[in-house]
Each structure stands twice: as C-alpha cells, then as structure tokens.
Amino acid sequence: MKVLFAVNNEEVSDSIIKLYQKEYREIISGKNVYYFNAIIKELQRDQTYDRIVISEDLEPYTNNNFDVIDKFLFEQLDKISDEAISDRRN
C-alpha cells in the first residue's frame, strides 16, 4: 500500500506505518509532506497513492476563530479531494 502522509511530525507517520504493518502484515511505503499545497502538488506528480493521511494541525492557523479555521480546512480538503479523484488517473 502506498500512503501519502501530511503530518507535521515524521514520528507520527513512522508509528502509523509500524502499527499498520504489525497489525495487518502489509508493507506500506509512505511519503511525508508538510503543507496542504504540497499534498496537491504531490498528487499532481504521482496519482498512485492508495491512501492519504492528513493531520488537521498540519499548518499553523493565523486565526483563533473556529469558524474561520473550519472553513479553511474544508476548502483545503475540497481541493485535495478534487485532485485525488481527477480524471488524470490512468
């Protein structure tokens, strides 16, 4: 399984990989990115990921208003999902 990790700490993705491989005995190859835009760029470059793991605290927020933060997250996830299901898959 090929997984794109968008978490701000590589230890998190390493622990997920180790736990999953131990639990399900399936080899995982993973790549880490550290920004929402980097997820989109990686999907444009490589459409072969089976899963994407995204941490909601991937990037720091400049606002403390939860409605603004939620709107930002929704917009980012919408862009990412659009790219993930785009017709570019062969």
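## Close-up views of a predicted model

**View 1. K2 and D46 meet side chain to side chain.** K2 is partly exposed, with a relative accessible area of 24%. The model shown here, as in every view, is predicted. The partner of K2 is D46, and their side chains form a salt bridge with 2.4 Å from N to O. This pair links distant parts of the chain, 44 residues apart. K2 sits in strand β1, which covers residues 2-6. D46 sits in the loop between α2 (36-45) and β3 (51-54). Is D46 buried or exposed? D46 counts as buried, because its relative accessibility is 12% and the limit for buried is under 20%. K2, at 24%, is partly exposed instead.

**View 2. The whole protein chain, for orientation.** Step back before the next close-up. The protein chain has three helices and three strands. What pattern do they follow along the sequence? The pattern reads β-α-β-α-β-α. Along its principal axes, the C-alpha trace spans about 40 × 30 × 15 Å. The chain holds 90 residues, and buried residues make up 31% of them. Now look at the contacts between residues with a separation of 6 or more. Of these, 67% join residues 24 or more positions apart. The accessible surface comes to about 6,600 Å². Carbon and sulfur atoms account for 51% of that surface.

**View 3. K31, E42 and R45 form one network.** How many salt bridges does the model hold in total? The count is four. Two of them appear in this view. Start with E42 and K31. Their closest N and O atoms are 2.9 Å apart, and the two residues form a salt bridge. E42 lies in helix α2 and K31 in strand β2. They are eleven residues apart, and the pair links distant parts of the chain. Next comes R45. R45 also forms a salt bridge with E42, with 2.8 Å between the closest N and O atoms. R45 and E42 are separated by about one helical turn, because they are three residues apart in helix α2. The salt bridges share partners and join K31, E42 and R45 into one network.

Cover varies across the network. E42 is buried, with a relative accessible area of 5%. K31 counts as partly exposed at 31% relative accessibility. R45 counts as exposed, because its relative accessibility is 57% and exposed means over 50%.

**View 4. I80 in its surroundings.** I80 has its place in helix α3. How much of I80 is accessible, and is I80 buried or exposed? I80 is buried, with a relative accessible area of 4%. Which residues does I80 touch, beyond those up to four places away in sequence? The list is F36, I39, I40, L43, I52 and I54. Take I52 as one of them. I52 and I80 are 28 residues apart along the chain. Their C-alpha atoms are separated by 9.7 Å.

**View 5. Q76 on helix α3.** Stay on helix α3, where Q76 lies. Q76 is buried, with a relative accessible area of 6%. Leave aside its neighbours within four places in sequence. Q76 is then in contact with F36 and N37. F36 also appears in the previous view, where it touches I80.

**View 6. A patch of negative charge on the surface.** Which residues gather in this patch? They are E56, D57, D67 and D70. D67 lies in helix α3, which covers residues 66-84. D67 counts as exposed, because its relative accessibility is 62%. Charge across the whole chain gives the background. The protein chain has 12 positive and 18 negative side chains. The centres of these two sets lie 6 Å apart.

**View 7. The backbone at R25.** R25 is found in the loop between α1 (10-24) and β2 (29-33). Look at its backbone angle. Most residues other than glycine have a negative phi. What is the phi of R25? R25 has a positive phi of about 50°, although it is not a glycine. R25 counts as exposed, because its relative accessibility is 74%.

Definitions and conventions:
Residues are numbered from 1 along each chain as its sequence is written. This is a predicted model: local features need pLDDT of at least 70, side-chain atom pairs count only at pLDDT 80 or more; totals for chains, interfaces and linings use all residues. Side-chain values use heavy atoms; hydrogens and water are left out. Patches are made of residues with over 30% relative accessible area and no salt bridge: like charges are joined within 9 Å, nonpolar side chains (Val, Leu, Ile, Met, Phe, Trp, Tyr) within 5 Å. Accessible areas come from the Shrake-Rupley method with a 1.4 Å probe; for residues, only the protein chains shown count as cover. Lys and Arg count as positive and Asp and Glu as negative; His and the chain ends are not counted. The place of a charge is taken as NZ of Lys, CZ of Arg, CG of Asp or CD of Glu. Helices (H or I, at least four residues) and strands (E, at least two) are DSSP runs, numbered from the N terminus. Buried means under 20% relative accessible area, exposed over 50%, partly exposed in between (1.4 Å probe, protein chains only). Contact means heavy atoms within 4.5 Å.
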